Number of protein chains: 2
Amino acid sequence: MTTVTNAQLRFLDAAVDEFAEQGYGGATTRDIAARAHRSAAALYVHYPTKEDLLFAVCERAHEQALECLQAAYDSRTDPEDRLREMVSHFSVWHMDHVRSARVSQYELRALSPNHRAQILSHRREFHRVMRSALQAGVRVGVFDVDDVHRTAHSLLALGVDVVRWFDPDLESDVAGIARHNADLAVRMVRSIPREHEEPAL
Amino acid sequence: MTTVTNAQLRFLDAAVDEFAEQGYGGATTRDIAARAHRSAAALYVHYPTKEDLLFAVCERAHEQALECLQAAYDSRTDPEDRLREMVSHFSVWHMDHVRSARVSQYELRALSPNHRAQILSHRREFHRVMRSALQAGVRVGVFDVDDVHRTAHSLLALGVDVVRWFDPDLESDVAGIARHNADLAVRMVRSIPREHEEPAL
DNA sequence: GTCTATATGTTGATAGAC
DNA sequence: GTCTATCAACATATAGAC
């Protein structure tokens with residue numbers, strides 16, 4: 001896990017707000033420094049370029065979100081329970097961290113190829129965990145999924161999409177949204193016992 | 001519907017590419033003009049500010065996407081068929097117009113309050129059409145939905161989310177993705193006939 | 001690790017000729 | 001409707017003092 005000093009953290013939090021409000025291209029290092037109550041020159045001591053700052057923001061968000069998803073995975077063994085827990089917690093995390101999550105999702109194009117590759121490698125981890133949860137349910141027959149790869153993607157998207165529209169100032173029913181997404185997730189994957197037929201051995 | 005001259009269209013298409021690649025804040029009117037093989041001064045004859053250009057891009061995309069959704073709605077009457085058609089065509093539209101769709105989704109914060117309000121009003125139309133398709137299915141009992149409002153939102157999100165990751169250079173199975181989303185949509189809303197029980201009158 | 005001051009280039013937008 | 005030339009403001013990033 002990446003460690004950050006207190007001084008870095010101050011700029012990191014300021015950068016999240018500025019990038020979220022102005023977009024990466026519209027954000028200025030002056031304004032980020034001002035939000036952190038520092039001069040622009042002080043910022044450059046900790047992050048040599050504006051792009052390095054964006055990378056730090058994206059990396060922290062991806063590490064935290066993965067930790068959240070993995071913890072939910074580990075907390076249950078029953079496939080349906082586990083899926084609900086994963087989608088629900090993942091959604092809540094995105095609502096609790098809308099600004100940094102939004103930056104990490106929408107400003108990736110501004111990263112250098114090397115930095116972008118590192119973030120995409122984090123994303124493959126997300127996908128791996130979700131696929132594993134999916135396959136466990138398929139194995140015991142409670143899930144019935146045509147395309148595991150695409151479905152894992154869509155299950156993660158339920159949580160990620162929240163950052164596109166969620167506004168903590170307008171909408172506060174975080175738990176209700178999380179439950180809605182968990183309900184949809186289960187409907188998306190559950191196997192339907194057919195009528196007039198015994199379950200296969 | 002908004003009409004555009006040929007000269008405007010030239011700048012509009014250039015703006016889509018530039019905004020999509022650089023983000024609104026990172027895009028420059030010079031580069032947009034260069035993409036259109038015109039000088040920056042020529043651009044300002046047609047669009048008085050960079051923000052007006054962004055608005056024109058967003059408005060065109062929203063009008064086209066709504067037209068696509070409405071056409072799919074009108075093409076069928078069976079609720080499940082219709083839902084499949086809507087989600088599938090809506091997804092295809094977003095893949096066929098990834099760049100302008102992405103700009104319209106991710107750069108809204110740069111619009112003036114007045115312009116943003118106009119775009120959000122388009123969005124309420126999307127939602128209204130999808131809700132109507134949903135309620136028709138609930139009425140005849142083929143759909144079973146807890147929260148019509150949130151579910152309509154999630155069904156639209158299936159198509160919209162595509163612009164977050166779809167890359168026509170890497171992924172070309174547009175029809176497969178559309179079908180996957182349509183399958184998920186049906187699973188998200190269909191009512192499950194219970195075993196050992198007659199359907200309610 | 002922070003500051004003030006500044007170098008160097010770029011930006012949105014305009015003036016005025018054709 | 002397009003151009004070249006330009007303005008005034010602002011951008012990222014650095015130099016050097018404390």
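Of the atoms of DNA strand C that lie within 4 Å of the protein, 57% are sugar or phosphate atoms and the rest are base atoms. The model is predicted. The points below cover the protein surface near DNA strand C, and then a histidine of chain A.

**Surface near DNA strand C**

- DNA strand C is surrounded by 14 residues. The closest are Ser39(A), Val45(A) and His46(A), together with Thr28(B) and Tyr44(B).
- By class, the residues of this surface are six nonpolar, five polar and three charged.

**Contacts to phosphate oxygens of DNA strand C**

- In chain A, Arg38(A) places a polar side-chain atom 3.0 Å from a phosphate oxygen of DNA strand C.
- In chain B, Tyr44(B) has a polar side-chain atom 3.1 Å from a phosphate oxygen of the strand, whereas Thr29(B) comes to 2.9 Å from a phosphate oxygen with a backbone N or O atom.
- Two or more residues of the surface near DNA strand C come from each of these elements: helix H3 (40-46) of chain A, and helices H2 (29-35) and H3 (40-46) of chain B.
- H3(A) gives the most to this surface, with four residues.

**His94(A)**

- His94(A) belongs to helix H5 of chain A, which spans residues 79-96.
- His94(A) counts as buried because its relative accessibility is 2%, and the cut-off for buried is under 20%.
- The His94(A) side chain lies 2.8 Å from the backbone oxygen of Phe90(A).
- Leaving out residues up to four places away in sequence, His94(A) touches Ala101(A), Gly159(A), Val160(A) and Val163(A).

Methods. Residues numbered from 1 in each chain as written. Chains lettered and ligands numbered in written order. Predicted model: local features only at pLDDT ≥ 70, side-chain atom pairs only at ≥ 80, totals over all residues. Heavy atoms only, no water. Near = heavy atom within 4 Å. Polar contact = N/O pair within 3.5 Å; in protein donor to acceptor, adjacent residues only side chain to side chain. Nonpolar A, V, L, I, M, F, W, Y, C, P; charged D, E, K, R; others polar. Buried < 20%, exposed > 50% of the residue type's maximum accessible area, 1.4 Å probe, protein only. Contact = heavy atoms within 4.5 Å.
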